[in-house]
Amino acid sequence: MTRRSRATLDPGMHKHLLEVQERLAVGTLPQWVLTDPTVYELEVERIFARSWYFLGHESELLNPGDYVTRWYVNDPILLTRTKEGELKAFLNSCMHRGTLLCAADSGNRKGFTCPYHGWTYGLDGQLIGVVADDKVYGAEMDRDQWALRPLPRLETFHGLIFASIDPDVPPLADYLGGLGWYLDILVGRTDKKMEVRGAPLRWVVDANWKIGSENFGGDAYHVAMTHRSTVELGLSPKDPLFTSYGHQVVLDGGHSISVITKSPKLGPTPPYQGQPEHMWPNFERNLSPQQLDVWRDTAVFHGTCFPNLSFLSPMHGAGGHGHLTNFLTMRQWRPVGPDKVEVWSWFLIDKEAPEEFKEESYNRYVGTFGPGGTLEQDDVEIWTRITDTSRGLMARDKNLNYDNVMNYVMGLDRVEPDPEWPGPGTAYPTTFLEAAQRSFYETWNSLLTVD
Ligand code: FES
Ligand SMILES: [Fe+2]
């Protein structure tokens with residue numbers, strides 16, 4: 001397969017994007033980049049078409065014949081487990097007239113019959129049945145030529161399934177780089193790894209996708225204000241700096257993670273985010289002493305795998321206000337336009353965790369970060385307002401006549417990295433910092449401007 005050609009960058013847009021680069025160096029971001037329709041098209045062509053894109057988790061397709069349907073930005077994807085147990089990803093579009101081949105979200109089948117004229121494909125994408133066959137096409141029809149179109153690359157990392165439509169994308173482990181070390185802690189810490197519970201939850205928000213990516217990538221600063229109700233209800237500490245303790249880690253490739261420890265005023269954090277004690281030897285078998293050291297005192301992990309897969313592993317009920325529960329959600333900000341995002345949210349839990357722990361953790365996830373979850377509602381209300389305010393004449397002026405730049409200066413030239421940090425990346429000894437957001441936009445900008 002040859003490399004996809006990309007639309008050339010209009011010289012005017014190129015100049016504006018170079019100016020964005022200059023602004024980022026001094027800690028500002030022009031507001032027009034959020035909702036500009038040309039930028040959206042460029043992002044699809046130049047970022048999503050050459051990145052790894054998260055499609056789901058292996059536990060969603062355990063048995064031969066299992067399948068799920070997903071989206072790779074605007075490409076419908078059919079992900080299958082073949083009879084031989086292999087994972088395959090195809091464009092979910094019939095080779096006859098392009099109809100959406102499989103309209104169901106998930107299931108188990110031997111093959112897929114198109115609802116238009118009835119062509120049938122196997123789990124491996126082969127065309128195995130054609131209505132009226134020889135009578136209309138003759139015996140010479142080469143069915144191999146009409147197999148489903150596979151995505152050129154498909155790889156997994158601790159059960160997380162990623163695909164790319166770029167045949168030349170670097171191997172997934174290289175793409176994840178240092179983030180892999182932290183993903184070991186989140187999804188590779190037990191012998192049997194994680195499982196997805198329930199179907200991924202989905203909802204559409206009138207917001208640009210980058211806002212979710214950068215929020216989860218490094219915005220611990222918003223918590224005490226946006227999620228004020230958790231403080232008022234006594235679920236979060238009163239200390240206004242309570243999410244600032246810990247490290248923000250900036251990784252190559254636009255990835256980042258924040259590792260938040262508990263407020264020093266509240267005493268020690270239960271080890272491993274309150275995971276059941278009988279699981280600890282399992283963690284100790286699978287993680288290095290340095291990874292265990294980082295995890296032991298952590299209250300919350302949140303971060304983003306560039307461009308649009310975020311994750312959050314909080315511990316709710318910290319501060320002695322009742323019982324602690326930890327969960328992990330992976331969430332994808334699927335861009336469906338410059339001002340619309342479809343949120344896909346998976347809940348993951350250690351396969352070997354006790355059932356009651358899984359149940360309680362799931363309930364806590366749905367109540368906080370499900371589509372109607374309290375904290376989710378807080379966030380998307382704000383993100384929608386940002387998107388609204390970015391559509392006006394002043395905010396979207398590319399010549400910056402109205403000083404329409406946003407402030408990303410937090411910590412710029414003020415906070416030095418912590419040389420003692422045991423993990424990969426540049427780790428700063430606070431999470432009230434916008435180094436992660438600057439790095440996200442620098443990567444974003446370089447992909448848009450470099451061919
Ligand atoms: S479009 Fe699928 S069989 Fe005709
Ligand atoms: Fe939030």
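**Sheets, aromatic pairs and an iron site**

In this predicted model, four strands make up an open sheet in the order β5-β4-β3-β6, with antiparallel pairing. Its edges are formed by β5 (87-91) and β6 (106-108), each of which pairs on one side only. Ignoring direction, neighbouring strands of this sheet are turned by 25° against each other on average. Within the sheet, five bridges connect strand β4 (residues 75-81) with β5 in the antiparallel sense. A handy landmark for following this pairing by eye is Ile 77, which stands opposite Leu 91 in β5.

A further open sheet holds three strands, ordered β7-β8-β9, and its pairing is antiparallel too. Here β7 (111-113) and β9 (127-129) are the edge strands; each has a single partner strand, so one side of each is left without a neighbour in the sheet. The average turn between neighbouring strands of this sheet, direction ignored, is 35°. β7 and strand β8 (residues 120-122) run antiparallel and are joined by three bridges. In this pairing, Gly 111 stands opposite Gly 122 in β8.

Strand β15 (residues 256-261) offers another pairing to trace. On one hand, β15 is joined to strand β14 (residues 246-250) by five bridges, and the two run antiparallel. Gln 248 stands opposite Ser 258 in β15. The hairpin of β14 and β15 has five residues between the strands, and in it Gly 253 takes a positive phi near 85°. On the other hand, β15 also pairs with strand β16 (residues 298-305), in the antiparallel sense and over six bridges. In that pairing, Val 300 in β16 is the bridge partner of Ile 260. Five of the six residues of β15 are buried, so this strand is largely enclosed by the rest of the structure. When looking along these strands, it may help to recall that in a regular strand the side chains alternate between the two faces of the sheet.

Aromatic contacts come next, and the structure holds 28 aromatic pairs. One of them joins Phe 54 and Phe 162: the ring centres are 5.4 Å apart and the planes stand at 65°, so the pair is edge-to-face. Because Phe 54 belongs to strand β2 (residues 53-57) and Phe 162 to strand β11 (residues 160-164), this pair ties together parts that are 108 residues apart in sequence. Both partners are hidden from the surface in the computed areas: Phe 54 is buried at a relative accessible area of 2%, and Phe 162 is buried at 1%.

In the pair of Phe 216 and Trp 383, the ring centres lie 6.4 Å apart and the planes are at 75°, so this pair is edge-to-face. Phe 216 sits in helix α6 (residues 209-218) and Trp 383 in helix α12, so the contact ties together parts that are 167 residues apart in sequence. Phe 216 has a relative accessible area of 4% and is buried; Trp 383, at 5% relative accessibility, also counts as buried.

Aromatic residues also gather in a group. Phe 48, Tyr 53, Tyr 72, Trp 209, Phe 306, Tyr 408, Phe 440, Tyr 441 and Trp 444 form one aromatic cluster. Charged side chains meet aromatic rings as well: Arg 202 lies over the face of Trp 344, at 4.5 Å from the ring centre, while Lys 398 lies over the face of Trp 32, at 5.4 Å from the ring centre.

Finally, the model contains an iron ion (ligand 2). The iron ion (ligand 2) is coordinated by NE2 of His 222, NE2 of His 227 and two OD contacts from Asp 379, at 2.1 to 2.5 Å. The angles among its four donor atoms span 55 to 147°, and the site is irregular. For a tetrahedral site, all angles would have to lie between 85 and 135 degrees, so the range of 55 to 147° does not fit that description. Along the chain, the donors of the iron ion (ligand 2) follow the spacing H-x4-H-x151-D. Distant parts of the chain are linked here: His 227 lies in the loop between α7 (223-226) and α8 (228-232), whereas Asp 379 lies in helix α12 (residues 374-389), 152 residues apart. His 227 counts as buried at 5% relative accessibility, and Asp 379 is buried with a relative accessible area of 2%. Helix α12 thus appears in two of the features described: it holds the iron donor Asp 379 and Trp 383 of the edge-to-face pair with Phe 216.

Methods: Residues numbered from 1 in each chain as written. Chains lettered and ligands numbered in written order. Predicted model: local features only at pLDDT ≥ 70, side-chain atom pairs only at ≥ 80, totals over all residues. Heavy atoms only, no water. Donors = N, O, S within 2.8 Å, 3.2 Å for Na, K, Ca; no water. Tetrahedral: all angles 85-135°; square planar, octahedral: opposite > 155°, others 65-115°. Buried < 20%, exposed > 50% of the residue type's maximum accessible area, 1.4 Å probe, protein only. Phe/Tyr/Trp six-rings, centres within 6.5 Å; stacked < 30°, edge-to-face > 60°. Lys NZ or Arg CZ within 6 Å of the ring centre and 35° of its normal. Pairing = 2+ DSSP bridges. Axes fitted to C-alpha atoms, helices over the stretch in contact; angles between N-to-C directions.
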